[in-house]
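Trainee: I would like a close look at one helix and how its buried side fits with the rest. Please put it in the context of the whole protein.

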Amino acid sequence: MEHGRVLTWLLTVVMIFAAVTASVDDLNVSPWARWTLGILSFACFIAYIWWRHRLDSDITDLGPPIPELVSLEEVQLSASYVMSHHDADAIQYLTDALTNLPAYLTRVNEQMELSGRSILSRTSLVFSGFARVPEGVDSSVATPPVVGSRGQRVLIPLISARKGRLFHKSTAWDASGATLSPLSQRETRGLIFVVVRSMLERAIKEGGPSLTELEEIKLIRIMRQTVFRVGKLDGSSNKQARHSSIEELRRFGDRFDPKWRAKAAELCDSLVSNYVIVVDIERPTVDSVTLGYDHILPSVQDNLRQSEITRAKHGLSAHVMDITMTWPLQAESFHFQFTAPAGTYIFSHHLEEVRTNTIVEQSQMLRQGVQQYARIARNRSENIAHLYIRRQRPDPPPNHSDDSSHDRKPVRRDLEDIKSVVKLREIPPGSLGNATTIALVTAIILVYFTLFRVGLDPSLDKEGANTNQDVPALILTFPAFLAAVLGRGMNQETLGKSTVSAFYGLWLSVFLGLMGVLLYLYGANRKMPLDVELTVFGIKQHYSLPWLAISFLAVGNYLILRKYKSERRRHYLDSLRRLVS
């Protein structure tokens, strides 16, 4: 802000000095110097207006939020509130779902469609296991519960998203269409603590006492540095502190079972960068229930591509969507569907890692070292893209062990969060076909005026004026009338789907048509400059270099647009033929 104020004052001083020097007659200044100072004064005035009227949205910004550290008393109060308002069965289901989500999340179905520069999303999730014996309880001893016979309420983790990402117009609903109210952040915080505490209590070896007060305080301190920390923390020291806290939870104590300590640490590690939205519903009378939520997300989330920056600069809608999906690798069955807007089709669809933006291949679709079933289904000529993922479990371990190290396969890294990247294309010919037609007509008219020198005949009168003006200048305005006819059926929405090449091609046609009109008006009452005599195919002819230049540009513009149009049309028709065959 200080640099802007200094630059404003400097422009003001230079502008006043140049204006005074150029306007005062008593000063001994040459005419060329006065012209130079006058131009400098005008340039400084334009620069001053440009700088002073620049849009700046940072003046109302609060700045980055200060990271929030939840107090020890707040966590304890939240946990007490949760224990007094929710029964043990409801909390137990949430614990089992968070620790072993694929066993309870049967299916995820995400349907998305583009609306302007936003994506409308509708996600439905099927949760099951309401009659299941809780994990960690011996099923051979425990009596299988009857569906609906336990507590009247149940807590379900409905939404998981990365911290720092807002859910626009988020609405949760159940199978009947009734709106669900998510729990408050304070209540969710208490639930997460109770879940982790219950996991450690399960980890206590047989005969051991429950968590002591010091162990509970230690657990709260670990979760304050990891799960409950709100706000972006940069720097290697902060990341190291979080990593150290997770490792401290893994080594919480020798009297705790290492398996459950690892599960608790894994849960806290996942909640460091993600938050969970929990809903409280009535316990279903059947073994499964369908819930869902609607929300709006931006079309560009993780990777702002240069092509999308160019399109946004010219007011064009997005053609490449980076879409983060909900639990694609956690659900038993996952289905993603994206519907392209009218007038466009799916050009390509692939997967990328969220953090690295690297393309995901089939061999990388791993969970617990096991190849998962994944299939991208799309017809290149249609406007719907599908992604199917089904969970594959590892084979049971063999009864015998083989100690030969050369036969062991290297352990491959499990895939983390993934996103769908969908690229759209306008159905040909579309706006590119209109731009090509206008470019063709513009090129024909300009080449005609250049070759036949209409209005540029060298037979001049004694005053040097051109006397041959029998061809009306209205011909040069024909591309404008053609553009008006072709554009009658287009609106802001259809124009936004145009390609960047069509946008630039149309503007170049407008510029070349305008230059042709100005050159014709210039040559109507005087001789055109830069006339040269060229021999083409043995015929000598006078040509005007400005007319030759705009003619070559017009022909080149048409050929480039024609090439783009032919390639897109050929690709679309080939896709249609493959679809039919």
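Mentor: What follows starts with the whole protein and then turns to helix α13 and other parts.

This is a predicted model, in which local features need pLDDT of at least 70 and side-chain atom pairs count only at pLDDT 80 or more, while totals for chains, interfaces and linings use all residues. Residues are numbered from 1 along each chain as its sequence is written, and side-chain values use heavy atoms, with hydrogens and water left out.

The protein has 14 helices and 17 strands; these are DSSP runs numbered from the N terminus, helices being H or I with at least four residues and strands E with at least two. Of its 581 residues, 40% are buried, where buried means under 20% relative accessible area, exposed over 50%, and partly exposed in between (1.4 Å probe, protein chains only). Among contacts with a separation of 6 or more, 76% are between residues 24 or more positions apart; a contact means heavy atoms within 4.5 Å.

Helix α13 covers residues 500-523. Its 24 residues, at 1.5 Å a residue, should span 34 Å, and the end C-alpha atoms are 35 Å apart, which agrees. The expected span is 1.5 Å times one less than the number of residues. The buried residues of α13 are S501, A502, G505, S509, L512, G513, G516, L519, Y520 and G523. They pack against α10 and α14, the latter being residues 545-580.

Helix α10 (residues 430-452) is also the place of Y448. Y448 is partly exposed, at 38% relative accessible area.

Elsewhere, the largest nonpolar core has 47 residues, of which F127, I156, L158, I323, F338, M365 and I418 touch the most other members. Such a core is a set of buried Ala, Val, Leu, Ile, Met, Phe, Trp, Tyr and Cys residues joined through side-chain atoms within 4.5 Å. Leaving aside neighbours within four places in sequence, the contacts of I418 include M325, L351, V360, M365 and I389, and also the acidic residues E352 and E353. Another core, of 39 residues, lies apart from that one, with L98, V227, F252 and L271 among its members.

F252 is also one of the residues that R261 touches, not counting residues up to four places away in sequence; the others are L200, A203, L249, R250, R251, G253 and F256. R261 is in helix α8 (residues 258-270). Is R261 buried or exposed? At 10% relative accessibility, R261 counts as buried.
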